[in-house]
Amino acid sequence: KLTRAEVLTYYLWLIRDKDTIVFTFGDDEWNYVQFIKEGENLVLDFPYNNKFGNRRLQIDRVELILKHYGFNRFITPVTTMNSLHYDDYIFGNIVTLEASFGNKRNDLALEVMLAIVVEVFHLPIDCEWSLKLGSYRD
């Protein structure tokens with residue numbers, strides 16, 4: 001029998017280049033965490049602005065969680081797969097916080113995601129969850 005953490009980690013391991021996975025927690029559709037695979041890099045994608053409910057109010061707490069786990073704000077143009085970094089990006093009128101986990105950090109991605117569930121979404125760690133798999137391959 002697999003634990004919940006093992007199942008969630010397996011899904012993170014399962015996705016390949018240009019795949020996306022969205023984990024939704026509880027009953028609120030805005031309580032979601034999205035990951036995108038870019039080559040070997042696993043990226044947490046956390047869109048926020050006025051269109052995304054109270055997510056724009058949650059972004060500071062997400063940043064504090066990332067800093068707690070050793071992430072630094074991206075400040076140089078040179079990145080490596082071994083660095084933990086995050087930054088905000090604007091795509092049209094949507095702002096998104098992206099955190100780069102590099103490769104082989106699925107366990108850390110799971111810890112960060114569950115910290116967001118508890119500390120940002122204010123849900124119990126064993127709350128109900130669902131997922132959607134997608135891809136933006138050509």
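Reader: Does N93 count as buried, partly exposed or exposed, and what is its relative accessibility?

Author: This is a predicted model, and in it N93 has a relative accessibility of 48%, so the residue counts as partly exposed, because that class lies between the limits of 20% and 50%. As for its place in the chain, N93 is found in the loop between β5 (85-91) and β6 (94-100). The C-alpha atoms of N93 and E38 are separated by 22 Å, while the two residues are 55 apart along the chain.

Reader: How do β5 and β6 pair, and over how many bridges?

Author: The general idea is that strands of a sheet pair through backbone hydrogen bonds, either parallel or antiparallel. Here β5 and β6 pair in the antiparallel sense, with 7 bridges between them, and one example to look for is D88, whose bridge partner in β6 is L97. The two strands form a hairpin with 2 residues between them, and in this hairpin G92 takes a positive phi near 65°.

Reader: In what order do the strands of the sheet stand?

Author: The sheet is open and is formed by 7 strands, which follow the order β4-β5-β6-β3-β2-β1-β7 with mixed pairing. At the edges stand β4 (72-73) and β7 (129-135), and because each of them has a single partner strand, one side of each is left without a neighbour in the sheet.

Reader: Which strand pairs could I compare to see the mixed pairing, and in what sense does β4 run relative to β5?

Author: β4 and β5 run parallel and are joined by 2 bridges, and within this pairing you can find N72 standing opposite H85 in β5. By contrast, β1 and β2 pair in the antiparallel sense, over 5 bridges, and there V22 stands opposite Q34 in β2.

Reader: Which residues other than glycine have a positive phi, such as the one near 70° and the one near 55°?

Author: As a rule, most residues other than glycine have a negative phi. In this structure K18 has a positive phi near 70°, and K18 lies in the loop between α1 (4-14) and β1. H122 also has a positive phi, near 55°, and its place is in the loop between α3 (106-119) and β7.

Reader: How do K18 and H122 stand in terms of accessibility?

Author: The relative accessibility of K18 is 30%, so K18 counts as partly exposed. H122 has a relative accessible area of 58%, and H122 is therefore exposed.

Reader: Which residues gather in a patch of negative charge on the surface?

Author: The patch is made up of D27, D28, E29 and E128. To locate one of its members, follow the chain to the loop between β1 (19-25) and β2 (32-38), where D27 is found. The relative accessible area of D27 is 83%, so D27 is exposed.

Reader: Where is R137 found, and how far is its C-alpha atom from that of D17?

Author: R137 is found in the segment after β7, and with 46% relative accessibility R137 counts as partly exposed. Distance along the chain and distance in space should be read separately here: R137 and D17 are 120 residues apart along the chain, and their C-alpha atoms are separated by 8.1 Å.

Key: Residues are numbered from 1 along each chain as its sequence is written. This is a predicted model: local features need pLDDT of at least 70, side-chain atom pairs count only at pLDDT 80 or more; totals for chains, interfaces and linings use all residues. Side-chain values use heavy atoms; hydrogens and water are left out. Patches are made of residues with over 30% relative accessible area and no salt bridge: like charges are joined within 9 Å, nonpolar side chains (Val, Leu, Ile, Met, Phe, Trp, Tyr) within 5 Å. Accessible areas come from the Shrake-Rupley method with a 1.4 Å probe; for residues, only the protein chains shown count as cover. A salt bridge is a side-chain nitrogen of Lys or Arg within 4 Å of a carboxyl oxygen of Asp or Glu. Lys and Arg count as positive and Asp and Glu as negative; His and the chain ends are not counted. The place of a charge is taken as NZ of Lys, CZ of Arg, CG of Asp or CD of Glu. Helices (H or I, at least four residues) and strands (E, at least two) are DSSP runs, numbered from the N terminus. Buried means under 20% relative accessible area, exposed over 50%, partly exposed in between (1.4 Å probe, protein chains only). Two strands pair if DSSP finds at least two bridges between them.
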